[in-house]
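Visitor: I'd like a tour of this structure, and I plan to keep asking how each label was earned.
Guide: Happy to help, so let's take a look.

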Amino acid sequence: MEITQALITAAGESQRRLPLQTLVDRDGTPKTALQILIEEVLQAGIEEIVIVVTPGDIPAFTQAAGAFAPRLRFVEQSHPLGYGHAVWSARESLGNAPFLLLVGDHLYVSSASDRCAKQLISVARSESCAVSAVQATHESKLPLYGAVGGRLEAGRRGLYQVSEILEKPSPTEAEQRLIVPGLRAGHYLCFFGMHVLPPAIITLLGEEIAAANGKWKVHLTNSLAKLAGRERYLALELQGRRYDIGLKYGLLTAQLALALSGKDRDEVLTGLADMLARRDS
Amino acid sequence: MKTPDLVRIITATDPNVRDTPLESVLSDCSSAALVAACEQLETFRSESENLYERARALFFLAAIHRFHLPAKLASEPDASKGLIPFHGYEQLLQRRFSEAIDTFRSQQNADGPTDGVSSALAAAYQRLAFQTLADQVRRSVRSVRGNQWMFRMGHPEDHPLRIKAELLQRGPDGTYPILREQTPVRMDLTHSAWSDIFFLGMDFPEGARVINVSVDLGVVGRGDTPKPPVSAWLRVLDEPVLRLTSVDLGATADLTSLSEVFDFAKDYLGLLKAAIIAAGIVPPGVEGSGQELSTLLARMVGVGRGLEIVSAVNNIPKGSRLAVSTNLLGSLISVCMRATGQAASLTGPLLESERRMVLARALLGEWLGGSGGGWQDSGGVWPGMKLIEGVRASEDDPEHGVSRGRLMPRHTVLGHDEISAETRAKLQNSLVVVHGGMAQNVGPILEMVTEKYLLRSAREWSGRKEALGILEDVLAALRRGDIKALGEVTTRNFRGPIQTIIPWATNFYTEQLIQKASKAFGEDFWGFWMLGGMSGGGMGFIVAPERKKEAQEQLQIIMSQTKRELQHALPFAMEPVVFNYSINENGTFAELIEGEQALMPPGYYSLTVPSLVKQDRHSLPVCRRAELDKLASAARLNPDFGGTVQSLFDALLPRSQSGASGRTSLEALLHANGFDSAQHEEIRADLKEGRIGLAQNRLRASTRIEDVLDSDVTDATRWFNSQTDSKLESIGIESIKRGEVAVVTLAAGAGSRWTQGAGVCKALHPFCKFGGKHRTFIELHLAKSRSIGRRYQTSVPHVFTTSYLTHAPIAEFLASVRNYDYDGSVALSQGRNVGLRMVPTVRDLRFMWEEMPQQTLDEQQQKVRESLRGALSSWAATQGEASDYTDNLPLQCMHPVGHFFELPNLFRNGVLAQLLRERPTLKTLLLHNIDTCGVNVDPTLLGHHLTSGKCLNFEVIERRLEDRGGGLARVNAQPRIVEGLAMPREEDEFGLRFYNTMSTWIDLDGLLALCGLSREDILSGGEARITTAIRELAGRLPTYVTLKEVKKRWGHGQEDVFPVTQFEKLWSDLSALPELESGFIVVPRVRGQQLKDPAQLDGWLRDGSAEWVESMCEWL
């Protein structure tokens, strides 16, 4: 499966300003979160990038993209009708081809030589099917994420055949439906905010949107669950971490993660140690 | 004799072998073969890894030591009489069952098998068996998927639940919406023959099947139309507390710390707390974490916010056998799960997977709260009619390889295509559901059934199989829509399998109701239907539809009338009621109430508003003020809130007249029954100063307590083993023929243990069926005396001593049955002494809980008990230690002052004088307790008494583990009976082989002489002289302080039990008087056994005691 395009969603009420925040990247250069994300995509070998934004936000995002701005195509989500609706809004730009989907309020720090998006794209290409990046997550974080249940693909470390997908499940539901052999007790495979999806997802989203008829918000999860029922769908545990910059201290944590895995690691560590040593209490 | 191979039966895969009844294999075994079989089983049970093999081996061992070995030993004249090691008893109390078994077995190896050690081993094996089964149920409850995470979560910051956004949306007036869950209760159409006990479903899932119907209820006569009887209400609060209210129990509390949530017995909110924990709002894993409840609430509901949860039961009394409390627990769990996103839908019915989760959580909640129900009890959560079945454990189940069946049963809702709407309507038109008013503890029955099934006792096992056929018949009748046939089947079930398995499932009251209903409705009475573990509470009567309304009215009259007739004989908790009911086709169902409608149930406001109106209106939170405004409006406009203003007034200005009149009648009663207020004040002062109390009851620590020598007793057991002493027998017979003997039965007691403090008259309790009829204790004793009298062509006068509690009921009852047409004279000797109970001192409560041996309960129940003890200590302190206990019915506040006085009362009240006039030859009295069923005027024993030259001859029996409360001892080298209260050390009792039965042969002239009286004094009736003589004698006996448990009833069948202080003087202390010669006779257990607890009845029936007793009776 050839994947040549990426979709970044940034139209959510609470996430519209997040990609515009500035952080210092691993290479010591100040960049906006959007720029860091775009680099993640480009390094995975994808050249076409579509960004879904709230109407009126294009100038701010163009500015935040800096030198990458000419590579971007913007789509405005006409009404805030949910994440699924945001993805569906980009249907015309995406055409009938698979795409890499990322959320604009997450940053990724890989612990392997390949960056996170590249690891995902590589598996999707070789397996020729939908793949969602997942991370084993403690059950206390279940109210924040979608989660999947499934079983390990024979002989493939970190790669799972998805059988069940639930949006922000309660632990009760997760324990009954999302147990994955091999995970530690109380841990579930939660979405990483990064997927490779086939064009069929747009059709499924279209059905959901028609059914909702504007009465409720359309999430991506339901359509993903339907997709899993129709075709082969994998989940990949990436070697890396995701950082939700929309959480309390999320931006700070992401910044620290970037700094501690980059060239200024020693400087930042020294600063932290100094700060701790001087702490009064 | 070959040792029977019991291990083969346990491990057999062939059901024909596996279901072999134990008794059929052991009937011909010698005691040596039984001991050898026990050794094999002991090795097997300690090595087997399979739960049910272990449990069955344990039950086999318990049964052999309880029934088979003692019977063999009793028939072997040379069997030794051994001691039970105290250390083993202590281990047993501490629930160290395996160690206790080792200790008892060592003793058995040293002394050879003895009746006493076998009784201890039987108890240890039985408790270990139940513990093993209970542990497995608990493990299964924890391991159910969906429950596990709650045990992992240890810190509020990790809490994975969030309140649903809809519940945080305030209305325009600032109030939050209310989520209301309404849940039906369940009826079991098949009774199930108790196969819904978890252990049994897990042992034999194929046999665990019930047809369970969800019903709405209303009480006839209170204008209630049927509606879901239980409801749970939840809303968000603007305070970081958990506010819990039980409208039905009238309790409310704000919980601010996690430890309060786990304090189950502190108040009446235990069920709500269990629900909150089991629903994961406060997961069990955070218990003892030292964290703050407010942190947890902030994480789940929002900073500064809390939750309010309210439970309400719609006038359904306790003991209805409709699983009200389990379904209320289910309702509470359901509302909590919905509110925290653990159900797909906030409102409406639940999905099947969610209902199953509510069931799993209800099991967890029942375990946490220390209670337990059957697996079908949450049936109200499901809609309409359903088949609930045990399921074989498969590889995916945590029970696989451990038990044959799964913990969680399977529910199949029976659709209208299977049981038509017309049939359902027909059932409703023919079935009259009632609550007979009795509320009894079914716990012992459930244990009996479990044991019998696991032993595969022949009768019971075939009964169980027959019950399975009954289920098919019920189902067939329902499918056909034939309600008359259904009535026939449910009656057959009640008469057949149910009573084959547990004879105690019926009682005299129930039989009377059936008989009267049958008479009133003739052919139109289609059948009786037993609900739940025991009859007398919830029951059903099936009648022709055209007579249903009439039947409802008639049954109310029949029940009320029969209750009045039997109220002194049986423990009634409430006035009987008849229900309206309808089948609920929704199951549990929730609605979100918003805006003007967002009010809690009316009863909630009677509880909460009084404290709110005392506060400055402006200090109330905005939403509270808005809620009060809504309430004011609803009180005017909403019919459901019609009586709110009146009930608020009642709550704000409680009427005190009833309390005052209660006090007056207590004083009048005390006065009328010879209450000695000066003595009472002395006792109070002594109690407060610590001069008397539980600790002071004991003999000095330096007292030497030793077992008696063989020469101190006469072993009469041989006379009952066909080695009769014809010389003594003929002396006895001649004495009987000369009219020299009379029987005095002590019937003054209320049978505290028998009815757990319910205050009925034990003598009148129709406790057991003999000759096909329920017989009272009085009838039994008269039947034995009748038999003796007729055998020797005379009659034996019979005296029943009574008290203020029992005199009038016994007199009235004996008159109504014409003394059971007894041949001789029957007299009542009314007690002349009474005491007023007092609130205990905290010192005595502590002594009882800390210094006296206590059964340690399992972990969760122990927590509940400790919390209850804390509450009782503060109750005693706030009420005032040693203050008068008056907060109960007057009769429950008074107490008899010990059985010492009962015989001397005969001297005072003219009964002895009357006897002497009637029988001038009277020489010997046989005194015994009302519950010593096996005692009679045995000629040989009488002959022995007459030739012994002793004034008093006390009958004693070889001690078993359960025989607590003193015994026969050498005290400083002097043989006498020592009361348990007086034992300097607990362990002293375990050095004594013999236990006092209270049965005493009395030389009348000797006893009169002891008091300085003569026959002439009695006949001349000089009461002042007699009274002085008795007081002087009493003064030489010790006064014991005791704590008794007294029930206080309230609400609809609710009961609280309080320990209260009373004092007493005891008959057997006469044996300590040096100038009185006392003898001691060892008699067989069947003769001396006392029935103190209904749980003993089944064993008493099974070990042949009942048969032996019946053989001595002559019924009319």
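**How the labels are earned**

Guide: Let's begin with helix H29 (residues 807–816) of chain B, which lies across E21 and E22 of chain B and runs at about 165 degrees to E22(B). Bear in mind that this is a predicted model.

Visitor: What word fits the angle between H29(B) and E22(B)?
Guide: Angles over 145 degrees count as roughly antiparallel. The angle here is about 165 degrees, so by that cut-off H29(B) and E22(B) are roughly antiparallel.

Visitor: And what about helix H28 of chain B, which strands does it lie across?
Guide: H28(B), residues 777–791, lies across E18 and strand E21 (798–802) of chain B, at about 155 degrees to E21(B).

Visitor: Which sheet do those strands belong to?
Guide: They sit in an open sheet of eight strands in chain B, in the order E17-E32-E26-E29-E25-E18-E21-E22, with mixed pairing.

Visitor: Why do E17 and E22 of chain B count as edges?
Guide: Strand E17 (714–715) and strand E22 (826–830) each have a single partner strand, so one side of each has no neighbour in the sheet.

Visitor: How do you know that E18 and E25 of chain B are paired?
Guide: A pair needs at least two bridges. Strand E18 (residues 741–746) and strand E25 (residues 924–929) of chain B run parallel and are joined by six bridges, so they qualify as a pair. One bridge partner you can look up is B:Leu925 in E25(B), which goes with B:Ala742.

Visitor: What makes E19 and E20 of chain B a pair?
Guide: It's that cut-off of at least two bridges again. Strand E19 (residues 766–770) and strand E20 (residues 773–776) of chain B have four bridges, in the antiparallel sense. B:Phe770 has B:Lys773 in E20(B) as its bridge partner. Their hairpin has two residues between the strands, and B:Gly771 there takes a positive phi near 55 degrees.

**Another sheet, and a helix across it**

Visitor: What is the strand order in the open sheet of seven strands?
Guide: In chain B the order is E6-E5-E7-E4-E1-E15-E8, and the pairing is mixed. Strand E6 (251–255) and strand E8 (348–349) stand at the edges; each has a single partner strand, so one side of each is left without a neighbour.

Visitor: How do you know that E8(B) pairs with E15(B)?
Guide: The cut-off is at least two bridges, and E8(B) has two with strand E15 (residues 589–593) of chain B, in the antiparallel sense. B:Gly348 has B:Ala590 of E15(B) as its bridge partner.

Visitor: Which helix lies across E5 and E7 of chain B?
Guide: That's helix H12 (residues 270–278) of chain B, running at about 130 degrees to E7(B).

**Helices that cross**

Visitor: Why are H12(B) and H15(B) called oblique?
Guide: The axes of H12(B) and helix H15 (residues 352–368) of chain B come within 8 Å and cross at roughly 130 degrees. Perpendicular stops at 115 degrees and antiparallel needs over 145, so this pair is oblique. The crossing is right-handed. On the H12(B) side, the contact includes B:Ala274 and B:Ile277, and on the H15(B) side B:Arg361 and B:Leu364 are among the residues. By class there are six nonpolar, one polar and one charged.

Visitor: What makes H12(B) oblique to H14(B)?
Guide: The axes of H12(B) and helix H14 (residues 324–339) of chain B come within 9 Å and cross at roughly 45 degrees. Parallel means under 35 degrees and perpendicular starts at 65, so H12(B) is oblique to H14(B). This crossing is right-handed. The contact includes B:Leu271 of H12(B) and B:Leu328 of H14(B). Its classes are eleven nonpolar, one polar and no charged residues.

Visitor: Why is H14(B) oblique to H15(B)?
Guide: H14(B) and H15(B) pack at about 120 degrees, with axes 9 Å apart. Perpendicular ends at 115 degrees and antiparallel needs over 145, so that makes them oblique. The crossing is right-handed. Among the contact residues are B:Thr326 of H14(B) and B:Val358 of H15(B). The contact divides into five nonpolar, four polar and two charged residues.

How values were computed: Residues numbered from 1 in each chain as written. Chains lettered and ligands numbered in written order. Predicted model: local features only at pLDDT ≥ 70, side-chain atom pairs only at ≥ 80, totals over all residues. Contact = placed C-beta atoms within 7 Å. Axes fitted to C-alpha atoms, helices over the stretch in contact; angles between N-to-C directions. Left-handed = near helix turned anticlockwise from the far one by under 90°. Nonpolar A, V, L, I, M, F, W, Y, C, P; charged D, E, K, R; others polar.
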